[in-house]
Each structure stands twice: as structure tokens, then as C-alpha cells.
Amino acid sequence: MIKLMLVDDHAVLRDGLKNIVGMESDIEVVAEAVNGNDAIARVDEVLPDVILMDINIPEKNGIEATSVIKERYPAVKILILTMHDHDEFFMSAIREGADGYLLKDAPSQHVIDAIRAVANGQSVIHPAMTKKFLGFHQQKVEPAEEKTDSVLTVREKEVLLCLVKGMNNKEIAQSLYISDKTVKIHVSNIFKKLGVKSRSQVVIYAVQNQLVPLS
């Protein structure tokens, strides 16, 4: 059973989320909070598996609360659910340790699936954030040599940048003039070397460790 905590200052939204989650047999809402300080205190009490965190909440905002909670309880997963689709909010949340970032226009089933995903150690990023606001698909970026030289090969760095741009295997193959099979091998090696399990985690890892330029 996934123990879920809801953090949002809007009672209507929390009630709606509780109704949605209530239909799932493997997720249980164990706590609610209406502001950042309240969220931190409630985590101390119930130690949830996953926190569904809004950004725009009183006292400490969601990003500040995420920072404190992650420092105290690194194993607690935090999934941001917000209306803010600005890249600065996204990158700040990821840097403070958020395990995922969804926009509030996401379908209900997407939210449920994301809760399960982060609970299982995966990461989830709303598609709009990786393309529209990181903007890696619109600019030429170079690898940060000092961060990856000792881990990734030159070709793996190139593939990593393509992954962060949101490119699929076929697009990567065409861009780098290599076969689809070779791309799969490089992607598998990148996942192993960086200790990630999904493409979303690759993006989060790259942002957290400044493997690619953010401006």
C-alpha cells in the first residue's frame, strides 16, 4: 500500500484528489497539509511514501518545503502537482530533490500512474516541461565535460544530450548517424552508469548535476 500525503491549500482540490485516490486499492491518503510548515510537521508524524505537493502554498512554498523534507527524509518521494509551467519553477523543484513534476491539467489517471511510478523509484515529468520550457530542442547544447568525463564516453555524452532534448531512439539514430540498435546499447549504458531507470530520470539527473546548460 502506497501511503500518500496531499499538500495543497485548496480544500476542493484535496477532496477531489482523495476521491480519485479512493478508487485505487493500492494507494491510501494518510495525511493532508495546507502549507509548507504544516507539510513538514505532518511528514514527521506519518512518514508517507509519496507526497503530492503544490508549489503555491502559504508560509513555506512547495519548493522550500520539498528542500526541507528531502534533507530530513531522502527516501520520501515528492511529486509536484502545480499550475506553474515556468522553467524556473521546474528546475528549482528538481534541484531541491523533487522526484517528479506534473501540471494540474494532467488527466486523473496520469496523476495516479505518476504516484505509483515515483513510489517505485521512477521519475515523472510533464511532457510540456521537457520540451517547451527547457528548450533543449531549440538550441544547440554542449556536454559539461567536467561532470561526465570520468563516467560517460564521448558518444554517450552525445546520446545523453539527445535524451534530454526529448528525442526518441529513431531520432537519435538519425541525428548521430548510427543504428537504432547502437542507440539502444548507448542508452542502456547511460542508464547503468548514471544509476537511472527511465528517460525522465535522465532529465532530472542532468538538471540536478548540471550536465547540460540551463539557459
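## An aromatic pair

One aromatic pair is found in this structure, which is a predicted model. The partners are Phe90 and Tyr101, set edge-to-face, with 5.3 Å from centre to centre and 85° between the planes. If you like to picture it in sequence terms, Phe90 belongs to helix 4 (residues 87-95) and Tyr101 to strand 5 (residues 100-103), so the pair links distant parts of the chain, eleven residues apart.

How accessible are the two rings' residues? Phe90 counts as buried because its relative accessibility is 0%. Tyr101 is buried as well, with a relative accessible area of 0%.

## Strand 5 and its neighbour

Tyr101 brings us to the strand that carries it. Strand 5 is covered on both faces: Gly100 and Leu102 are buried on one side, and Tyr101 and Leu103 are buried on the other.

Strand 5 pairs with strand 4 in the parallel sense, over four bridges. One place to look is Thr82, whose bridge partner in strand 5 is Leu103.

## The sheet

Stepping back, the sheet is an open one built from six strands, in the order 2-1-3-4-5-6, with parallel pairing. Which strands stand at the edges? They are strand 2 (27-33) and strand 6 (124-125); each has a single partner strand, so one side of each lacks a neighbour in the sheet.

Helix 1 (residues 11-22) packs on this sheet and touches strand 1 (2-7), strand 2, strand 3 and strand 4. The direction of helix 1 makes about 165° with that of strand 2.

Further in, strand 3 (residues 50-53) pairs with strand 4 (residues 77-82), again in the parallel sense and over four bridges. Within this pairing, Val50 stands opposite Lys77 of strand 4.

## Helix 10 and helix 9

Now for some helix packing. The axes of helix 9 (residues 169-176) and helix 10 (residues 180-194) come within 9 Å and cross at roughly 105°. The two helices are therefore roughly perpendicular to each other.

On the helix 9 side, the contact is made by Asn169, Lys170, Ile172 and Ala173, which meet Asp180, Val183, Lys184 and Val187 of helix 10. Sorted by class, this contact has four nonpolar, one polar and three charged residues.

## Helix 10 and helix 8

Helix 10 also packs with helix 8 (residues 154-164), at an angle of about 90° and with the axes 10 Å apart. How are these two helices oriented to each other? That angle makes helix 8 roughly perpendicular to helix 10.

From helix 8, the residues taking part are Arg155, Glu156, Val159, Leu160 and Leu163. They meet His186, Val187, Asn189, Ile190, Phe191, Lys193 and Leu194 in helix 10. The residues of this contact divide into seven nonpolar, two polar and three charged. Keep an eye on Val187 of helix 10: Val187 is listed in the contact with helix 9 and also in the contact with helix 8.

## The chain overall

To finish, here is the wider view. The secondary structure of the chain comes to eleven helices and six strands. Of the 215 residues in the chain, 47% are buried.

How much of the contact network joins residues 24 or more positions apart? Among the contacts in the chain with a separation of 6 or more, such residues account for 63%.

Technical notes
Residues are numbered from 1 along each chain as its sequence is written. This is a predicted model: local features need pLDDT of at least 70, side-chain atom pairs count only at pLDDT 80 or more; totals for chains, interfaces and linings use all residues. Side-chain values use heavy atoms; hydrogens and water are left out. Two strands pair if DSSP finds at least two bridges between them. Contact means heavy atoms within 4.5 Å. Axes are lines fitted to C-alpha atoms, for helices over the stretch in contact, and angles run from 0 to 180 degrees between N-to-C directions. Rings of Phe, Tyr and Trp (its six-membered ring) pair if their centres lie within 6.5 Å; planes under 30 degrees apart count as stacked, over 60 as edge-to-face and the rest as tilted. Buried means under 20% relative accessible area, exposed over 50%, partly exposed in between (1.4 Å probe, protein chains only). Angles under 35 degrees count as roughly parallel, over 145 as roughly antiparallel, 65 to 115 as roughly perpendicular and the rest as oblique. Ala, Val, Leu, Ile, Met, Phe, Trp, Tyr, Cys and Pro count as nonpolar, Asp, Glu, Lys and Arg as charged, and the others, Gly among them, as polar.
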